[in-house]
Amino acid sequence: MNNVPLKLLLVDDQDLIRESLHIVLGMDPDIEVVGLAENGHIAIQQCEEHHPDVVLMDIHMPVMDGVEATRKIKEKWPQIRVIILTTFQEITYVVDALGAGAEGYLLKAIHPKDLAAGIKWVHQGGTLIPQDIARMLVQQAKGAAEPTVRDTEVSRPASEEPARTDAYGLSEREVQVLHCIADGLNNREIAEKLFLSEGTVKNYISSIYSKMDVRDRVQASKKAHEEGMI
């Protein structure tokens, strides 16, 4: 991290959780809590006023829930990174939030140090989309037509099957990167797997988004599965 702390907005309808997060995360010198909001509507107002780098967003809130708030924030301020903070029982809602543009999710039961590390990771350009959520996205994209997708079908390395370069004019390397995106890998993990630099991976991803006419990983993954590219 550089010397300027990242600006964080905390959004949760429970006062105790909001204040507890404020105290815990406010102790980290790399994080500055610039605002607190109890619903999505106020979160949007806080974004307008404070321009946070990262928003830690609850899902179930009155007035406006976290999914809708995420969608509106990403439409107006695409540079703001959004992390969904949820309970294990609400995992299914995370798919909707990722579809709205969120960069990932964390569980409320997470250790404070891990929470801070996750926030910093997303601020630096990383994503937090685990394999189980990637599989949910695959099944959702297939319309539950194949409800028993095997793990090997989802996480098979791109190198094990021939790359299809006909769709959208993707190069063989771009198809490999697309496979990694569908597997839920972040830029660092893709770089390690394909022996590339993170900067090169970002360039490939930007090219993929442009060619496929999508704006994020979730859309790219869903479109790739719908088109039978993966």
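## Reading the labels on this model

Trainee: This is a predicted model, so let me start with one residue. Why is Val24 called partly exposed?

Mentor: Happy to take that one. Val24 has a relative accessibility of 35%. Buried means under 20% and exposed means over 50%, so with 35% Val24 falls in between and counts as partly exposed. You will find Val24 in helix H1.

Trainee: What makes Ile23, Val24 and Met27 a nonpolar patch?

Mentor: A patch takes residues with over 30% relative accessible area and no salt bridge, and nonpolar side chains are joined within 5 Å. Val24, at 35%, is over that cut-off. Together, Ile23, Val24 and Met27 offer about 320 Å² of accessible area on the surface.

Trainee: How do you know that S1 and S2 pair?

Mentor: Pairing needs at least two bridges. Strand S1 (residues 6-11) and S2 have 6 bridges, in the parallel sense, so they count as paired. As one example, Leu6 has Ile31 as its bridge partner in S2. Between S1 and S2 the chain runs through helix H1 (residues 15-26), in a right-handed β-α-β crossover.

Trainee: What makes strand S2 mostly covered?

Mentor: Of the 7 residues in S2 (residues 31-37), 5 are buried, which means under 20% relative accessible area for each of those.

Trainee: And why is helix H8 called mostly covered?

Mentor: In H8 (residues 172-182), 9 of the 11 residues are buried, so 9 are under the 20% cut-off. Among them are Val175, Leu178, His179 and Cys180. Just after H8 comes Gly184, with a positive phi of about 85 degrees.

Key:
Residues are numbered from 1 along each chain as its sequence is written. This is a predicted model: local features need pLDDT of at least 70, side-chain atom pairs count only at pLDDT 80 or more; totals for chains, interfaces and linings use all residues. Side-chain values use heavy atoms; hydrogens and water are left out. Buried means under 20% relative accessible area, exposed over 50%, partly exposed in between (1.4 Å probe, protein chains only). Helices (H or I, at least four residues) and strands (E, at least two) are DSSP runs, numbered from the N terminus. A crossover is right-handed if, with the strands pointing away from the viewer, the path from the first strand over the helix to the second runs clockwise. Patches are made of residues with over 30% relative accessible area and no salt bridge: like charges are joined within 9 Å, nonpolar side chains (Val, Leu, Ile, Met, Phe, Trp, Tyr) within 5 Å. Accessible areas come from the Shrake-Rupley method with a 1.4 Å probe; for residues, only the protein chains shown count as cover. A salt bridge is a side-chain nitrogen of Lys or Arg within 4 Å of a carboxyl oxygen of Asp or Glu.
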